[in-house]
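Okay, thanks everyone for squeezing in. I've got one chain to walk you through today, so let me put it up on the screen.

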Amino acid sequence: MLQIHLKDSTPINVEAVVRTVPHQREVVRGVWAGQQVYAKKFFGARAVQHYTRDLTGVNNLILAKIPTPSMLFQGEVQSEQAYILIFSLMPEAINAEQAYQNLGSFARFELAKKLVKTVAQHHHQGLVQTDLYLKNFLVGGDVIYTLDGDGIRKYEKLSQNQALENLCVLLSKFDVLELESWLQELLKTYTEARGWQALPDAGVIRKMTSAHRQKVASNYADKKVFRQCTDVNINALEGLYIAVSSHALNLDLMQITEQMDAYFTKDNLLKSGRTCTVAVCEINGKQIVIKRYNIKNFWHGAGRALRQTRAAVSWANAHRLKLLDIATAKPVALIEERKFGLKGKAYFLCEYIDAPDAVQFFTACANKVSRADAIKNIATLFYKLYLLRISHGDTKATNIKIVNNQPVLIDLDSMAQHGFAFFALKAHARDLRRFMQNWKDDQALYNGFVKTFKAIYADHTPLKMAGIL
């Protein structure tokens, strides 16, 4: 069994490595002095700095009487330049991210209120959690425990604007649709916990929350998934750039890249065009869709060589939707031909969804309840995209699969997330207009969507711009 030997204490018998940040720290679960513990080990060039910062943060939480797992040991690791903090394991508690995902809507709302109260308590004590993710809180019965002292900062005087900016970071972690209905109550909860007389302006909070959500989504989808990280593994073969999702690391990359074009047989083709060819094939027992973005000629190649490939756009957008909890086909890999930094043919691989598209679903489905349920779920998806300022760019029915009455978006190479509300509104209206063209020959279905859109959209402006109202 792996052990971590400590100076002036018994060793930790490591049962599992929970998380590793290369060249910086490692979090493990194990047994120390006869009890179950979590331990954070700090190493590398900045070990002392990271250790001291984490220790200071934990002590600030303890001094402020904010619940946090008990710190059992602080000190050095024997025979190596490393430091360690040991915390009691709380077997009955789960992190707030897991709890939020597993709960129904009302229970989520109650959890959200508890988290808002906890953050208000931080702010009342002049503390700010700079790494404010739901996984940095533990839910143990009615108590919320704050984790990760590394992200805790102490302010002598925390301004109202700084506190609200930090609150908006927390609010951005909740589902955007649920937050729309919860916002006033959550602001009331925060205001009462701080002892303030007036509620913050909901419109300002909504804008600040949206801006932070967009920033996080962009940093993840447009930057992080193109480099080595927990979710993505990067390979650089001769003349190729390859990014593979962690869930698909069992794929034989060499086999795939060597015979990539061989998968595009007559029997496998889903679509054949000059700029894009799509095939479905079986790789390692899984049905995989391969989308090849072709170079038509020299001038087309010259124009695309320095730009982001459409395969890379699809890769980024698939991860963006995953982060924002919108159903899409799981991204598998991105493969780009590169010579002297110039891009050529590119491939986007994702899991195949064996389900009908929206037209096929409504044509085959005679059950009125299922049809109404699917209409509501599709309209809800559009409203969620509207709130997130995301436009799909090609909302024909074939790009919406229906799985258990739930819509799944595919074909993401025209998708965009807009920074400005005006452009987002115009693009969303185009998406709605294109979507409704699918049903121009089915008046009953068309009217069903119009009625449902009106009921779901709190703001009817995009519906009017799309000519639906």
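Before anything else, one cut-off, since I'll lean on it: buried means under 20% relative accessible area, exposed means over 50%, and partly exposed is what sits in between. Here's a case that needs it. Arginine 389 comes out at 23% relative accessible area, so it goes down as partly exposed. And yes, before someone asks, this is a predicted model.

While we're on arginine 389, have a look at the backbone there. Its phi is near 60 degrees, a positive value in a residue that isn't glycine. Most residues other than glycine have a negative phi. As for where it is, arginine 389 sits in the loop between α11 and β19, the latter being residues 390-391.

There's another one of these. Histidine 23 isn't a glycine either, and its phi is positive at about 65 degrees. You'll find histidine 23 in the loop between β2 (12-21) and β3 (25-32). Buried or exposed, then, this histidine 23? It's exposed, because its relative accessibility is 68%.

Okay, zooming out. The chain has 14 helices and 22 strands. Along the principal axes, the C-alpha trace spans about 75 × 60 × 40 Å. For 469 residues, a compact globule would have a radius of gyration near 23 Å, and the chain has 25 Å, which agrees. Of those 469 residues, 50% are buried. If you take contacts with a separation of 6 or more, 60% of them come from residues 24 or more positions apart. On the surface side, the chain exposes about 23400 Å², with carbon and sulfur atoms supplying 51% of that.

Now the inside. In soluble globular proteins, nonpolar side chains tend to be buried together. Here the largest nonpolar core has 66 residues, and the ones with the most contacts inside it are Phe362, Leu409, Phe435, Trp439, Phe449 and Phe453. Helix α11, residues 368-387, gives the largest share of this core, with 10 residues. Apart from that core lies another, of 34 residues, including Val119, Leu167, Tyr190 and Met208.

Let me pick leucine 409 out of that first list. Which residues is it in contact with, if you skip neighbours within four places in sequence? Among them are Leu321, Ile326, Ala327, Leu381, Leu385, Ile400 and Met415, and there are also Thr328, His392 and Asn399.

A bit further back in sequence is isoleucine 402, in strand β20, residues 400-403. Isoleucine 402 is at 4% relative accessibility, so it counts as buried. Its C-alpha is 9.3 Å from that of isoleucine 353, and the two are 49 residues apart along the chain. Again skipping neighbours within four places, isoleucine 402 is in contact with Ala355, Pro356, Asp357, Ala358, Phe361, Ile378 and Pro407.

On to the sheets. Strands of a sheet pair through backbone hydrogen bonds, either parallel or antiparallel. One open sheet here has six strands in the order β1-β2-β3-β4-β6-β5, with antiparallel pairing. The edges are β1 (3-4) and β5 (71-76); each has a single partner strand, so one side of each is left without a neighbour in the sheet. Inside that order, β4 (residues 35-42) and β6 (residues 83-88) are joined by six bridges, and lysine 41 stands opposite isoleucine 84 of β6.

There's also a hairpin worth a click. β12 (residues 232-237) and β13 (residues 240-245) run antiparallel with six bridges between them. Leucine 237 has leucine 240 in β13 as its bridge partner. Two residues lie between the strands, and glycine 239 takes a positive phi near 75 degrees there.

Last stop, a couple of polar residues in loops. Asparagine 136 is in the loop between β8 (127-129) and β9 (137-140). At 9% relative accessible area, asparagine 136 is buried. What does its side chain reach at 2.7 Å? That would be the backbone oxygen of aspartate 131. Beyond four places in sequence, asparagine 136 touches Gln129, Asp131, Tyr145, Thr146, Leu147 and Asp148.

Then there's aspartate 148 itself, in the loop between β10 (143-146) and β11 (152-154). It's buried too, with a relative accessible area of 15%. With the usual four-place exclusion, aspartate 148 touches Lys40, Asp54, Gln129, Asp131 and Asn136. Okay, that's my tour, over to you.

Notes:
Residues are numbered from 1 along each chain as its sequence is written. This is a predicted model: local features need pLDDT of at least 70, side-chain atom pairs count only at pLDDT 80 or more; totals for chains, interfaces and linings use all residues. Side-chain values use heavy atoms; hydrogens and water are left out. A nonpolar core is a set of buried Ala, Val, Leu, Ile, Met, Phe, Trp, Tyr and Cys residues joined through side-chain atoms within 4.5 Å. Buried means under 20% relative accessible area, exposed over 50%, partly exposed in between (1.4 Å probe, protein chains only). Helices (H or I, at least four residues) and strands (E, at least two) are DSSP runs, numbered from the N terminus. Contact means heavy atoms within 4.5 Å. A polar contact is a pair of N or O atoms within 3.5 Å; within protein, one must be able to donate a hydrogen and the other to accept it, and residues adjacent in sequence count only if both atoms are side-chain atoms. Two strands pair if DSSP finds at least two bridges between them. The radius of gyration is taken over C-alpha atoms; the globule rule is 2.2 Å times the number of residues to the power 0.38. Accessible areas come from the Shrake-Rupley method with a 1.4 Å probe; for residues, only the protein chains shown count as cover.
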